[in-house]
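Got the viewer open and the selection tool ready? Let's take a short walk through the empty spaces enclosed in this protein.

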Amino acid sequence: MVVAFLVSPFFAIFIVFLTLLVFSCKQKNRFDKLKPDERRFYQRAPQSTFLISTVISFDSWLNYWFNKRIKPLNKKKIMKIVKKSIHETKDLLGEQIEFKKGAKLFLKEASENSLAFVGTSTMETMFTKIAETRVLLINYIRKNKDILNEKIDKPLLITGLPRSGSTLLYNLLALDPKSRAPKFWEMIHWSNPTPPATKQQSLTNNHERYTRAVARLAEIQKLVPSMIEEMNKSHYAMPNEIEEELLTLFQSYILQIHMPFANQQFEDWFCDQYNKTDAYKYLYIFLQMLQSGWKPESHWVLKTPLHGLYIQNLLEQFNDANVIITHRTPLAVVASFSKYLASQCAFSFIDGTLDKRKIGRGQLRVCSEIANRIMQYRDSLPAQKQQNFIDVDYDQLVKNPIETVRSIYKQSNKQFTPEFEQLIKDYLLQNPQGKHGRAEYTNEEFGLSETQIKNTFDKYIQRHLSHLSKKN
C-alpha cells in the first residue's frame, strides 16, 4: 500500500506541494526587502498562527510569481449580491444608487497585489454580510411597519475630530440610566440584527447575537492573536461595550476603517458630503428598529466623529439633536487615528505593503474636512440653531469630566441626577486613562510634519484652540 502510494501521481503532487510550501515559507517577505530607511513607513503585519502564516506566505508567493491567488477576490460575485440586495429592499430604501456606487468603487480600487489571503477572504465576507444585513432589516420592518413611526427624540450626538476624547465622553454620557446607547453586538453585520433586543437583553447581553459576536471575535483573536490587543490600545471595542453607530454606516459601504484598502476614487466618493442622504436615512431606520425593542426613558446617546464629515445629512435626520463637538489639537489627532487604522488593517495586507504615508495623507484630508465642514455648517445657521451645539475641549474633559458632563446637561436641558453622578465617579475609578495600553506613534512615520498639520488646520485652531496656538 505504501509502495503504491509512492509511485502514484498523488505522491508526486504531494511532493510538489510540500516543496512549494517550504520554499514559500523561506522567502523573504516584502518588508525585509525594503531599504532600512523605508521600513518605518510601512506597517508590519501582526503575527498569526503557524497555519495561517504558512497559507499567507504561499498565497503571496503564488501572487508574486504566477499572478494567482488561493482565494481571489470575486468582485463579480460580490456585485451580484449587492444588486440582489438593492432589488429586495427597493420598496423602502429606493434605488440606492450611492450604495451600489460605493461598493463598486471600493472593489474596483481594492489592491489585490497588496492584500494577503486573510484580506481577500474577510473583504468578500464583509461585503456579502453587509448586503444580507440590509435585506434582513427591511424584511423585518415590512412585517412590523409600526417601527417607521418611532421617533428618535432629542438625542445627544457626539462628533468632531477623532481621538479627541469622544469615546471617554460617550462612555460617561451613556451611564445615565434614563439614556440608551447602542452596543457593538446590536449593530455589527456579523449576524441578523433583528428582532431588536429588549432593555433587559441589551443591558445584560443576554442574546444569541451577543454570543455569536463573542464567538466571531474569538476566532479573529485565535487567528491573529496580537491584532485585537493592538487595536484596543487606540479604541477599546468588545461585543458587550457600547459602540459608535459607525457600524451602521458601514452597512451603506461608508467604510472609514477600511479606507487603506482603496485609492483615490473611493476616497473622493467617501468625502463627498452630497451623496450620503440615503446612508443617514438607513441609519435612522436602523435606530428606529432598535428603539422598537427598547425606547430610552429620556434620550439616545450617539457618537461618531465621522458625522462631522456629513453634518448636514446627519441633522436632516436628527433635526432636534443636541450636537456635542469635541476639540483637540490636530497635532495629536491625525497620527493617532492613522495609527488605529494601520493596526486595524495590517492583518489584511501582505507584510511590507501597507504604506503608512498613504494612510496619513488620507486622514489629514478627512480630519481637516470634518473640522471645516462643522465650522461652515454652524456659520450658516441662525443664532437660535447655534444653541443646539455644545463645544467640549479635550483638556478640560480629561481634567474635569464630571463638570463637563454637568455642563452638557445644563446646556441641553437634561436632568443631571445624583445617581448619574455616582455612576460617573465609579466608572472613572474603574477605568483610568490608558487601561488597555497606549499606542505609540509619530507624525513623521505617517509622512506628516507639524508645520503641514498646523497650516491645514489653521482656521480651526484659531477658532477653537486659540489657547494652544501660541504653544504649538
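What follows is a tour of the cavities, one stop at a time.

Keep in mind that you're looking at a predicted model. Searching the whole structure turns up two cavities of 30 Å³ or more, so that's the itinerary.

**Stop one: the largest cavity**

Start by selecting Gln-96, Glu-98, Phe-99, Arg-134, Ser-252, Trp-269, Asn-275, Lys-276, Asp-278 and Ala-279, which line the largest cavity. The space they surround has a volume of about 80 Å³. Now switch on the cartoon and colour helix 6 (97-109) and helix 15 (277-293): each of them supplies at least two residues of this lining. Next, colour the selection by residue class. What mix of nonpolar, polar and charged residues does the lining have? You should get three nonpolar, three polar and four charged residues.

**Stop two: the second largest cavity**

Clear that and select Gly-160, Leu-161, Ile-325, Thr-326, His-327, Ile-370, Ala-371, Ile-374, Met-375, Tyr-460 and His-464, the lining of the second largest cavity. Strand 4 (322-327), helix 18 (356-379) and helix 24 (458-464) are the elements giving two or more residues to this wall. Which element gives the most to the lining? Highlight helix 18: its contribution is four residues. The space inside comes to about 60 Å³.

Keep the class colouring on for this stop too. The lining of the second largest cavity splits into seven nonpolar and four polar residues, with no charged ones. Flip back to the largest cavity, and four charged residues show up in its lining.

Conventions
Residues numbered from 1 in each chain as written. Predicted model: local features only at pLDDT ≥ 70, side-chain atom pairs only at ≥ 80, totals over all residues. Heavy atoms only, no water. 1 Å grid on protein atoms, 1.4 Å probe; cavity = no way out; pocket = protein on both sides within 12 Å on 5 of 7 lines; lining within 4 Å. Points joined across faces, edges and corners; volume = space filled by probe spheres on them. Nonpolar A, V, L, I, M, F, W, Y, C, P; charged D, E, K, R; others polar.
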